[in-house]
Amino acid sequence: AIGVATNGNELFDITDKAFYTYNPLTAEIEAYSKVQGMADMGMQCVGYDMATGTTVLAYSNGNIDLFKNNTFYRIPDLKIKTIAGEKSINAIYVEGGFAYLSTSIGVVVIDIKKQNVKETYEFNRDNSILSIRGFWPQGDSLYTITNFGMYSADRNSKTLQNFQIWKTLDTVKTYKHIAGYGNELFVATDKSVYSINNGLKTLVYTSATGIEHLDPADGHLLISEYDTANFTGSIHFYSTAKGIYDSVLTPGSRPRQTVEMLNGRLCIADEFGGLLQELDNRQLGYFTPIGPMNSNSFDLYANDGELWVSHGGFDEKYNVAFNNKGISKYKDGVWKYYAPGIYPPFNGITDFSVLLKDEKNGTVYAGSFINGLYIMKADGTGKLYNAPNPFDRSVAYGPTDAQIAGLGLDSYG
């Protein structure tokens, strides 16, 4: 999972490919796709507006969806806008029926009730538009962070679209996260958290590893960290009165965003394992919907109630995905996974791009875009074929690669 939002009881979770809702109390889950009306599939960030009961979904291509009562309403303004460069949405702040999207072209303000773009605040430096990393209000002021510092303005101003009325607070540091609780506001770089008071910043915390995200909670700030050397995440509880007064370790996970439910329990969007939720006695457990091993489903083979899914492949420029999640099989209501660590023959094999099955004898042919052809017999045994002959390595991704992009069976099987 790469993002999560909540109304206090229900969770709205996004992965890089999907969106689903989950109620921890009832264990009910509902997954959504373009079939149900979603604009796209590549997710970027998510927010929830308590005033309207609406979830705001941002896609990696700039598309925007408003989700309410199981219905999606598309706002394509940013996606279809003609600009030079990327159209990324970096963060979402929601309040009082409005969504403030921090984008590569400025702060895009959406009127959720009217379902349209109200206005855009553009920021310029050296005749170039600044990409906005985050947006947050504090009292009568609005704050934005960029790759080139921080800016503020009077939130009651009628001319917020005029960059000249925004006050420059810092043009040196690269701030990546911004969040607050009550009247407190904080910004963060890769390893430092600062409090902001009337535009003045004070260092309040230094991370020994790396800061992944800042999130608001009831009476405190949640600081998500990740230790790349030890593959361990952590969530710190910070308040102005107490400093860091509590922590939750998340071994083997990378917390991308954290929310606090009405019952005080944490739910964490973990990049590696999915949705991580706090259980009794500060124990943590994953909620992972039953399905394929990985959301990257490059090829499908289906016949007579049986489904095979390949994970990996390549993009439109034939750049390999470097996905090592193997292949998944579904039959009789049960998923079975063939992946490194689970199915030893796949150790070291990545990016299965094509699947084919011989229904006569049950043999499955799995083609990798890097490692050649794996032939799996019906009993689960198999062999990898990636010798120079018959593969032409002169056109391969690398000099030792054996690339397969298509398979077919002749009349002899």
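This is a short talk on the overall build of one chain and on two of its cysteines.

Keep in mind that this is a predicted model. Let's start with the fold. The secondary structure comes to 38 strands and one helix. How compact is the chain? Its radius of gyration is 24 Å, and the globule rule gives 22 Å for 413 residues. Those values are close, so the chain is as compact as a globular protein of that length. As for dimensions, the C-alpha trace spans about 75 × 50 × 40 Å along its principal axes.

Next, the inside. Of the 413 residues, 49% are buried. Now take the contacts between residues at least 6 apart in sequence. Of these, 40% join residues at least 24 apart.

On to the surface. The accessible surface of the chain is about 20,100 Å². Carbon and sulfur atoms account for 48% of that.

Then charge. I have 44 negative side chains and 34 positive ones. The centres of the two sets lie 3 Å apart.

Last, the cysteines. How many disulfides does the chain have? The count is zero. Cys-45 is in no disulfide, and the nearest cysteine sulfur, that of Cys-267, is 19 Å away. The cut-off for a disulfide is sulfur atoms within 2.5 Å. Seen from the other end, Cys-267 is in no disulfide either, and its nearest cysteine sulfur is that of Cys-45, at 19 Å.

Are these two buried or exposed? Cys-45 is buried, with a relative accessible area of 9%. Cys-267 is buried too, at 2%.

Methods
Residues are numbered from 1 along each chain as its sequence is written. This is a predicted model: local features need pLDDT of at least 70, side-chain atom pairs count only at pLDDT 80 or more; totals for chains, interfaces and linings use all residues. Side-chain values use heavy atoms; hydrogens and water are left out. Helices (H or I, at least four residues) and strands (E, at least two) are DSSP runs, numbered from the N terminus. The radius of gyration is taken over C-alpha atoms; the globule rule is 2.2 Å times the number of residues to the power 0.38. Buried means under 20% relative accessible area, exposed over 50%, partly exposed in between (1.4 Å probe, protein chains only). Contact means heavy atoms within 4.5 Å. Accessible areas come from the Shrake-Rupley method with a 1.4 Å probe; for residues, only the protein chains shown count as cover. Lys and Arg count as positive and Asp and Glu as negative; His and the chain ends are not counted. The place of a charge is taken as NZ of Lys, CZ of Arg, CG of Asp or CD of Glu.
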